[in-house]
Amino acid sequence: MKPLLLALIAALVTTAPATAEVSAPPALLVAAASDLRQALPALAEAHARHGGARVETAFGSSGKLFAQIANGAPYDAFFSADAGYARALEAKGLAAPGTRFVYGVGQIALWTGKDSGVDVGRGLAALDDPRVTRIAIANPAHAPYGRAAEAALRHAGVWTRVQPRLALGENASQAAQFATTGAAQVAFVPRSLLGSQGLREGRHWLVPQAWYPPLVQEAVVLKRSRAAAAAVAFFTFVRGPEGRRILATYGFQPLSSRPPAR
């Protein structure tokens, strides 16, 4: 009997379930305005170093992402370059209550390649250079940076004059791409993308912020999210000291820092 008892004990030990491993936080699928193509991966990487959930991103114009979400796209969170879209989701009951917050205020710049010969240091007067046959901006119909560019051009009194030369990108990143590939000689781009590949070698001029409505940008957790707790934890990180520092590195300003319009 003794050998049999030992055999039974050995069998129990070998077939007992192993101690459960600590499961990783669920991955987050985040819809984000294209001006975050540099900043959001940096935020996600820093968040992961602190044990946070992995963040997967889908970039596009805020208006088109809003339409996707309204039509049931399965995102967990939305970072919009226009606060109005985040607020509209809240009004539609598609946002998790109490999660909407301002993550920064964007800025636009007039950019040109280093070999274009166009002196963007002259500001919008550079658009009169005969070498400027195409001017790239994001489509104002659904891209906040396009609306900001249009407002700045109207402020300067040149909108009607330059309209025939405009090349409309689906979003701010595509507008930048038009200029970096030579499809346009200049582009209105987010300041947050100036350090990206293709743009860092060019020259730029920051458009005065008083020339366009504030690019107040807000994020919201979506009500249908299956990882809402992880999304809220990511938001907490973004709003914290390290998150704010990363956003500032890419040119996103706190709301209180924007000069008044004049």
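**Exercise 1. The α3/α4 crossing**

Task: Give the handedness of the crossing of α3 and α4, and say which residues make the contact.

Solution.
- Step 1. α3 and α4 cross in the right-handed sense. The structure is a predicted model.
- Step 2. Collect the contact residues. α3 supplies S62, G63, F66 and I69, and α4 supplies Y85, A88 and L89.
- Step 3. Sort them by character. Five are nonpolar, two are polar and none is charged.
- Step 4. Turn to the axes. Helix α3 spans residues 62-70 and helix α4 spans residues 83-91. Their axes come within 10 Å, and the crossing angle is roughly 15°.
- Step 5. Classify the angle. Angles under 35 degrees count as roughly parallel. α3 and α4 are therefore roughly parallel to each other.

**Exercise 2. The sheet that contains β10**

Task: What is the strand order of the open sheet that includes β10, and which strands are its edges?

Solution.
- Step 1. Read across the sheet. The order of its five strands is β2-β1-β3-β10-β4. The sheet is open, and its pairing is mixed.
- Step 2. Find the strands that pair on one side only. These edge strands are β2 (55-60) and β4 (101-106).
- Step 3. Take the twist. From one strand to the next, it averages 20°.
- Step 4. Look at one pair. Five bridges link β4 to β10 (residues 215-221), and the pairing is antiparallel. One partnership to locate is G106 with L215 of β10.
- Step 5. Add the helix. α8 (residues 228-239) packs on this sheet and touches β1, β2, β3 (77-80), β4 and β10. The directions of α8 and β10 make an angle of about 150°.
- Step 6. Classify that angle. Angles over 145 degrees count as roughly antiparallel, so α8 runs roughly antiparallel to β10.

**Exercise 3. The sheet that contains β8**

Task: What is the strand order of the open sheet that includes β8, and do β6 and β8 run parallel or antiparallel?

Solution.
- Step 1. Read the order: β7-β6-β8-β5-β9. This open sheet has five strands and mixed pairing.
- Step 2. Name the edges. β7 (166-169) and β9 (203-206) each pair on one side only.
- Step 3. Take the angle between neighbours. On average they are turned by 30° against each other, direction ignored.
- Step 4. Inspect β6 and β8. β6 covers residues 135-138 and β8 covers residues 186-190. The two strands run parallel and are joined by two bridges. Within β8, V186 is the bridge partner of I135.
- Step 5. Place the helix. α7 (residues 172-180) packs on the sheet, in contact with β5 (108-112), β6, β7 and β8. Between the directions of α7 and β8 the angle is about 145°.

**Exercise 4. The surroundings of S34**

Task: Is S34 buried or exposed, and which residues does S34 touch beyond four places away in sequence?

Solution.
- Step 1. Locate S34. This residue sits in the loop between β1 (28-33) and α2 (39-49).
- Step 2. Check accessibility. The relative accessible area of S34 is 4%. Buried means under 20%, so S34 is buried.
- Step 3. List the contacts. S34 touches F59, G60, N171, A172, S173 and L193.
- Step 4. Compare sequence and space. S34 and S80 are 46 residues apart along the chain, with their C-alpha atoms separated by 9.1 Å.

**Exercise 5. The whole chain**

Task: How many helices and strands does the chain have, and what share of its residues is buried?

Solution.
- Step 1. Count the elements: nine helices and 10 strands.
- Step 2. Take the buried share. It is 50% of the 262 residues.
- Step 3. Consider contacts between residues at least 6 apart in sequence. Of these, 79% join residues at least 24 apart.

How values were computed: Residues numbered from 1 in each chain as written. Predicted model: local features only at pLDDT ≥ 70, side-chain atom pairs only at ≥ 80, totals over all residues. Heavy atoms only, no water. Pairing = 2+ DSSP bridges. Helix = DSSP H or I, 4+ residues; strand = E, 2+ residues; numbered from the N terminus. Axes fitted to C-alpha atoms, helices over the stretch in contact; angles between N-to-C directions. Contact = heavy atoms within 4.5 Å. Parallel < 35°, antiparallel > 145°, perpendicular 65-115°, else oblique. Left-handed = near helix turned anticlockwise from the far one by under 90°. Nonpolar A, V, L, I, M, F, W, Y, C, P; charged D, E, K, R; others polar. Buried < 20%, exposed > 50% of the residue type's maximum accessible area, 1.4 Å probe, protein only.
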